[in-house]
Structures are given as C-alpha cells and as structure tokens.
Amino acid sequence: GAVRPADETATLLFQLGLAYMETRRWKECAEAMRRCLALRGRPALTPVRADVMRGGPSHCLANSLRNLGEIDAAVEAYRQALRDEPGSEGVRLDFAVLEAQRGATVEALTLLNEVIGLNPRHPKAWEVGGIVALRQPATVEFAVDWTGEALRNLPDVAVLRRQRAEALLLGGLGADAVELWAEQRPPLDPVNLAALTLCRLLAEQSLPEIPPAAEVAVSQEFLRRYRQLVEYNAESSVLRINENLARLRSALPSATGLLQRVVAQSMVSAGA
C-alpha cells in the first residue's frame, strides 16, 4: 500500500523519489527528496541507505528543480549535494550544465575543470566543456587549449575530435585542422565539406572536389563559416581567404562571387 507519513523513512522516500524521477514526475520527485533530506538525520528503526547520507538526495532534488525551471533553488541544491559529497563527478557535471544554460560560463568551466581533476578520462566532462567554450568568441582561445587537452587524454573519441576541429577553425588555426575535418563523416555533408575546403584553402593545399549538385549548399555553408570567422575575430584567416578567392572559384563559384563583392565593398568603404 501507500506509504503513510508515520511510516516514512529517509530511505523509503529516496526510493520513492527515484521512481518519480524515472517517470519524469519532477514535482513529485522534488517533494519526496525534500522530505527525505528532512528525515535523514533523525534516528530510525531501520538502517539508512548509505547513499541517502551522501549527495544523492540533493542531486536528485537539484535535477528535478532544474527541470521545473526553479533555477535559483536548483543551484542551492547542487551546492548542498557537493557539501554532502565533495568528490562527486556527477553532481559537478550536472551543475556545470545548469551554469552553462544560465550563461555562467566561468562557473561552468570551473566545475568541469574540477571533474577533469578528479578523472582526466571523463569524456562527457570534456565534451560539455567543449560545447561551452565554443559557444562564444570570448572563450575560443580557451576552447583551443581545452580540446587539445581533451585529445591528449582521449585521442580516439569522435565527438572530441570534432570539437578539436571546430576549435582550431574558429581559433584562427584552420590550417592545422585539415586532417581532423577530412575524417568527419559523412564526408559529402555540406557542413563537413565546407569546413574542409576552408581549412585546405588556409593550408594552401589542393581543394576537395565538390559534387556539382552540392555546390550551392556547400557555398552557403562556406559563407556561414566566413561570417563566423569574422564574428570570432579570426582576422588572419579572413584575410587569407580574401587573398585566395581566385583559388576558391574553381571549387565554390557561388561563394566566391559573393565574397568578391563583399571584399570589393569593404575596400571601397575603407577608402571612403
């Protein structure tokens, strides 16, 4: 039957909360975990589950509150979970995701750095850090360092290799990313083909063959990348592309035509 308040124990409430979490009933989960936390210090006839005394209840409470959109309360619950279990990688990782979602980039990266300190071969922590660092121009240099360290620890993880390729490209080091972009699958995907073309252009290598049917899509993606490089202040890469438009024309005539007009316009503006 149902658990009556008189029968409630911290252990039972924790198990009840976990069941609610499994079915994504966040409000009920949060309530069960709050009651669990209120009871866990009280003497009980049955032994309390060990994980009830660690970070589990506050961690589950924090995740539930995050899903309910109660962000300030979730932050406090994550902090409590870390006080209860200072060595928890899982709490830090989830807390970092929340901090990133609310735009607290430095706090998110600090937490992820702590996870890496506890476990340098934690692929999810490296991945989340890469996502956060690549999100804005202000942290792109950090992204270059972070993704380099990620591959030093986990050289064969595909998602981390992809992030490294992104970081080098956005960090103005596209010439160093040719091999990483060449291995991305599927190879004829416009996103991958545009990035590879751009990096080969920067490395002064021969440009890849662009299937005629894909030229417009790849050109559009190339132009998106060009705008991104401008946004990320990768000035040397932008200048190198501008200087090599004659080489680009054979591979991507659509993109080249537009870029030549942009460059001509900027020269007119500069001369005005």
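Helices here are DSSP runs of H or I of at least four residues, numbered from the N terminus. The model under discussion is predicted.

1. The loop between α12 and α13 (235-243) contains N233. Phi of N233 is positive, at about 60°, although N233 is not a glycine. With a relative accessibility of 62%, N233 counts as exposed, since the cut-off for that class is over 50%.

2. A comparable entry concerns E204, for which phi is near 60°, again a positive value in a residue other than glycine. E204 is placed in the loop between α11 and α12 (215-231). The relative accessible area of E204 is 57%, so E204 is exposed. As background to these two points, most residues other than glycine have a negative phi.

3. One peptide bond deserves inspection: the bond from R185 to P186 is cis, and its omega is near -5°. P186 belongs to the loop that joins α10 (178-182) to α11 (190-202). In general, most peptide bonds are trans.

4. How do α7 and α9 pack? The axes of α7 (residues 123-134) and α9 (residues 158-170) come within 10 Å and cross at roughly 25°. Because this angle is under 35 degrees, α7 is roughly parallel to α9. The crossing in which α7 passes α9 is left-handed. On the α7 side, the contact is made by P123, W126, E127, G130, I131 and L134; α9 contributes V159, L160, Q163, E166, A167 and L170. Sorted by class, the contact of α7 with α9 consists of eight nonpolar, two polar and two charged residues.

5. A further packing pair is formed by α8 (residues 140-153) and α9, whose axes are 9 Å apart at an angle of about 145°. This crossing, too, is left-handed, with α8 passing α9. From α8, the residues in contact are V140, A143, V144, T147, G148, A150 and L151. From α9, they are L160, R161, Q163, R164, A167 and L170. The contact of α8 with α9 divides into eight nonpolar, three polar and two charged residues.

6. T139 lies in the loop between α7 and α8. Is T139 buried or exposed? Its relative accessible area of 13% is under the 20% cut-off, so T139 is buried. Apart from neighbours within four places in sequence, T139 is in contact with T105, V132 and A133.

7. The largest nonpolar core comprises 40 residues, and Y78, L112 and W126 have the most contacts inside it. At least two residues of this core come from each of α1 (10-22), α2 (26-39), α3 (56-67), α4 (71-84), α5 (89-101), α6 (105-118), α7 and α8. W126, one of the three residues with the most core contacts, also takes part in the contact of α7 with α9.

8. Which residues surround Y78, leaving aside its neighbours within four places in sequence? Y78 is in contact with H59, A62, N63, R66, V91, D94, F95 and L98. A second core, separate from the one that holds Y78, has 33 residues, among them A194, L201, L202 and L229. In soluble globular proteins, nonpolar side chains tend to be buried together.

Conventions
Residues are numbered from 1 along each chain as its sequence is written. This is a predicted model: local features need pLDDT of at least 70, side-chain atom pairs count only at pLDDT 80 or more; totals for chains, interfaces and linings use all residues. Side-chain values use heavy atoms; hydrogens and water are left out. Axes are lines fitted to C-alpha atoms, for helices over the stretch in contact, and angles run from 0 to 180 degrees between N-to-C directions. Angles under 35 degrees count as roughly parallel, over 145 as roughly antiparallel, 65 to 115 as roughly perpendicular and the rest as oblique. A crossing is left-handed if the near helix is turned anticlockwise from the far one by less than a right angle, and right-handed if clockwise. Contact means heavy atoms within 4.5 Å. Ala, Val, Leu, Ile, Met, Phe, Trp, Tyr, Cys and Pro count as nonpolar, Asp, Glu, Lys and Arg as charged, and the others, Gly among them, as polar. A nonpolar core is a set of buried Ala, Val, Leu, Ile, Met, Phe, Trp, Tyr and Cys residues joined through side-chain atoms within 4.5 Å. Buried means under 20% relative accessible area, exposed over 50%, partly exposed in between (1.4 Å probe, protein chains only).
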